[in-house]
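Student: Could you take me through one part of this protein slowly? I would like to look at the sheet and at what packs against it.

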Amino acid sequence: MNEKEFKFKRFAIRQTEQIHKVGTDGVLLGAWSDFANATTILDIGTGTGLIAMMAAQKSDAIITGLDDDPHAIEVASLNFNRSPWQTRLSATCCALQQYEPARLFDHIVTNPPFFVNSLKSPDQKRNLQRHTDSLPYDLLIAVQKKLLSPQGKFSIILPAVEAQQFQQIGLAAALQLNRLTRVYSKENGPCTRHLMEFSFHKNEFVENELIIQNNQNLYTKDYQVLTADYYLNF
């Protein structure tokens, strides 16, 4: 088993080839999401447990990492137990459709599969990691009514095209988009991701942009400030 460590300022994450690797999307979502007032948080498709641990670092919440892949739960549990927040973190192996928690969550966060119409690879595990078959958008939105507290928040990251589709499905289900950050990988490049925060209440809409690298391929000040609590070299 090929294991690597992904180091943050206060913890190191173990990864394996069998589950989706820690990447920029997860780091962005974990750093961007507003967990400050949450007492309970659910990380759907937790994988290595990255976002759950980022949430633990920036809140006092009780956090559940949910995944239907037993190997992911094994790795996430290992990471949780090695972290400074192990008493507030737990990993649950269950399909989202069958998940019946004892309480609602103040914040639900997910970095979901996002290739809706693209060709699939011969690797079934890779397919499940990158396509929406196992976690369709309408299911993600439907479970908010089941699992999210009335005043709760739901945060997600998606590519620009898929994000527009997701917003339309969410609006039809009475989910309000209250916060949006358009992410650009490179200065003067196209928008590559949307960071979105939804709730059941229409609040003042906040919209902005984030550029990750400038034309000299250096990380921008905005990106460094956003992720400074996690990356060792910022």
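Tutor: Here is the sheet, followed by the helices beside it and a few loop residues.

This is a predicted model: local features need pLDDT of at least 70, side-chain atom pairs count only at pLDDT 80 or more, and totals for chains, interfaces and linings use all residues. Residues are numbered from 1 along each chain as its sequence is written, and side-chain values use heavy atoms, with hydrogens and water left out.

The protein has seven helices and ten strands. Both are DSSP runs numbered from the N terminus: helices are H or I with at least four residues, strands are E with at least two.

Now the sheet. Eight strands form an open sheet with mixed pairing, in the order β5-β4-β3-β6-β7-β9-β8-β10. β5 and β10 (206-213) are the edge strands, and each pairs on one side only. Two strands pair if DSSP finds at least two bridges between them. On average, neighbouring strands of this sheet are turned by 15° against each other, direction ignored. Strands of a sheet pair through backbone hydrogen bonds, either parallel or antiparallel.

Take one pair. β7 and β9 run antiparallel, joined by five bridges. Ile 157 stands opposite Leu 195 in β9. Helix α6 packs on the sheet here, touching β7, β8 and β9, and its direction makes about 25° with that of β9. Axes are lines fitted to C-alpha atoms, for helices over the stretch in contact, and angles run from 0 to 180 degrees between N-to-C directions. Contact means heavy atoms within 4.5 Å.

Another helix, α3 (residues 70-82), lies across β4 (62-67) and β5, at about 170° to β5.

Next, α5 (residues 137-147). Its buried residues are Tyr 137, Leu 139, Leu 140, Ile 141, Val 143, Gln 144 and Leu 147. Buried means under 20% relative accessible area, exposed over 50%, and partly exposed in between (1.4 Å probe, protein chains only). The cover over these residues includes β3 (40-44), β6 (105-110), β7 (148-158) and α6 (160-172). An α-helix has 3.6 residues a turn, so residues three or four places apart point the same way.

Last, the loops around β8. Ala 174 sits between α6 and β8 (176-186). Asn 188 sits between β8 and β9 (191-199). Ala 174 is not a glycine, yet has a positive phi of about 70°. Asn 188, also not a glycine, has a positive phi of about 70°. Most residues other than glycine have a negative phi. Ala 174 is partly exposed, at 41% relative accessible area, while Asn 188 is exposed at 70%.
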